[in-house]
Amino acid sequence: MKIDAFFDNLWQDYINMTPQAEAIANALIARGEVVQNDHVAFRTFNIGPIQLKHLEPFILDMGYSRYEPYHFPSKKLDAFGYIPPSPDMPRIFLSELRVEELTDTAQTLVRRLVDQINPDDVADASIFWRGPLWQTPSYEDYEQLASESEYAAWLSVIGLRCNHFTINVNALNGINDIEQMNQMIEELGFSINDAGGRVKGSPAVLLEQGSTKASVQPFTFADGKQHDVTTCYYEFAKRYHDDEGNLYQGFVAASADKIFESTDMRKDA
């Protein structure tokens, strides 16, 4: 699949789940800004046909290359960053949950979901905006997963899709830093994820990031119960040049760890 078509499909699915993102992007465009995407991110499980090693070929086939591995011990996650074939294209961040580190109960719930996947549904890059490839879990099962891993609970209802796009702050003319971005977003009536601070990272680590709290929508579970769940969020990033004059291309695990919490309902998302 061509990269432009890939991101066009992702964006349409993403703004359907995340109306705040379209509102923020439109507000920037109304100010005369050109909104560029720094990167997108995906979540998955490390079992079955949607584990990272099976999804990665779709990314590599578009000309991307692996950059660096990342690990999140407390959240039981592993990830890779991917660099695009051209510097004007977005990076990709793909993480997966180490299911074997969950309790036996949670592992059983996750395997019950993954076992429902039809291999035909993972045949091409459209897998990245398909959403859930399994039947809706019960609210009790969702709550069980959430008690151990917010990431697992989110995946159980939202499925494999882009959990955030990222505004490239470097490309903006009227906004110079992450806190200015935070303030503009709050003026629009949206909330900022302040886990780990309103600005995550620093010039010293060559990357600063911020994000909104995820959009929320009602969701009907398999048992007929309806509850609000978090969907996706909008991130913004400012990159710095290293001592050799090269713009930093990677991600900072300590910052990403807190960015993940943008979808956590238990943090008043």
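Two strands pair if DSSP finds at least two bridges between them. Keep that in mind as you tour this predicted model, because pairing is what builds the sheet you will visit first.

**Stop 1: strand 4 and its neighbours**

Select residues 91–97, which form strand 4. Now find tyrosine 82, which stands opposite isoleucine 92 in strand 4. Strand 3 and strand 4 run antiparallel to each other, with 6 bridges between them.

Next, add residues 37–45 to your selection: this is strand 1, and 7 bridges tie it to strand 4 in a parallel arrangement. Two pairs are good to click on here. Alanine 41 has phenylalanine 93 of strand 4 as its bridge partner, and phenylalanine 45 has leucine 97 of strand 4.

Are the residues of strand 4 buried or exposed? Strand 4 is mostly covered, with 7 of its 7 residues buried. On one side sit Arg91, Phe93, Ser95 and Leu97, and on the other Ile92, Leu94 and Glu96; both faces are covered.

**Stop 2: the whole sheet**

Zoom out and colour the strands. You are looking at an open sheet of 8 strands with mixed pairing, in the order 2-3-4-1-5-10-7-6. Which strands lie at the edges? They are strand 2 (65–72) and strand 6 (200–202), each of which pairs on one side only. From one strand to its neighbour there is an average turn of 20°, ignoring direction.

Now show two helices that pack on this sheet. Helix 2, residues 19–30, touches strand 5 (162–168) and strand 10 (233–239). The direction of helix 2 makes about 45° with that of strand 10. Then select residues 52–60, which are helix 3. Helix 3 touches strand 1, strand 2, strand 3 (77–83) and strand 4, and its direction makes about 170° with that of strand 4.

**Stop 3: proline 90**

Go to the loop between strand 3 and strand 4 and pick out proline 90. Proline 90 counts as buried because its relative accessibility is 10%, and the cut-off for buried is under 20%. Which residues touch proline 90, leaving aside neighbours within four places in sequence? Show Phe7, Asn37, Asp38, His39, Tyr64 and Pro84 to see these contacts.

If your viewer has a distance tool, try it between the C-alpha atoms of proline 90 and methionine 17. These two residues are 73 residues apart along the chain, and their C-alpha atoms are separated by 20 Å.

**Stop 4: two residues with positive phi**

Here is some background for this stop. Most residues other than glycine have a negative phi.

Select lysine 76, in the loop between strand 2 and strand 3. Lysine 76 is not a glycine, yet its phi is positive, about 60°. With 21% relative accessibility, lysine 76 counts as partly exposed.

Then move to leucine 206, in the loop between strand 6 and strand 7 (207–211). Leucine 206 also has a positive phi, near 70°, in a residue other than glycine. Leucine 206 counts as buried, because its relative accessibility is 18%.

**Stop 5: aspartate 257**

Find helix 8, residues 253–259, and click on aspartate 257 within it. What does the side chain of aspartate 257 make a polar contact with? The partner is the side chain of lysine 75, at 3.0 Å. Beyond neighbours within four places in sequence, aspartate 257 is in contact with Phe72, Ser74 and Lys75. At 14% relative accessibility, aspartate 257 is a buried residue.

**Stop 6: helix 5 and helix 6**

For the last stop, show residues 139–148 (helix 5) together with residues 150–158 (helix 6). Their axes lie 6 Å apart and meet at an angle of about 150°, so helix 5 is roughly antiparallel to helix 6.

Turn on side chains to see who makes the contact. Helix 5 supplies Tyr142, Leu145, Ala146 and Glu148, while helix 6 supplies Glu150, Ala152, Ala153, Ser156 and Val157. Sorted by class, this contact has 6 nonpolar, 1 polar and 2 charged residues.

How many residues of helix 6 are buried? The count is 9 of its 9 residues, including Trp154, Leu155 and Ile158. Finish at glycine 159, which follows helix 6 and has a positive phi near 85°.

Key:
Residues numbered from 1 in each chain as written. Predicted model: local features only at pLDDT ≥ 70, side-chain atom pairs only at ≥ 80, totals over all residues. Heavy atoms only, no water. Helix = DSSP H or I, 4+ residues; strand = E, 2+ residues; numbered from the N terminus. Axes fitted to C-alpha atoms, helices over the stretch in contact; angles between N-to-C directions. Contact = heavy atoms within 4.5 Å. Buried < 20%, exposed > 50% of the residue type's maximum accessible area, 1.4 Å probe, protein only. Polar contact = N/O pair within 3.5 Å; in protein donor to acceptor, adjacent residues only side chain to side chain. Parallel < 35°, antiparallel > 145°, perpendicular 65-115°, else oblique. Nonpolar A, V, L, I, M, F, W, Y, C, P; charged D, E, K, R; others polar.
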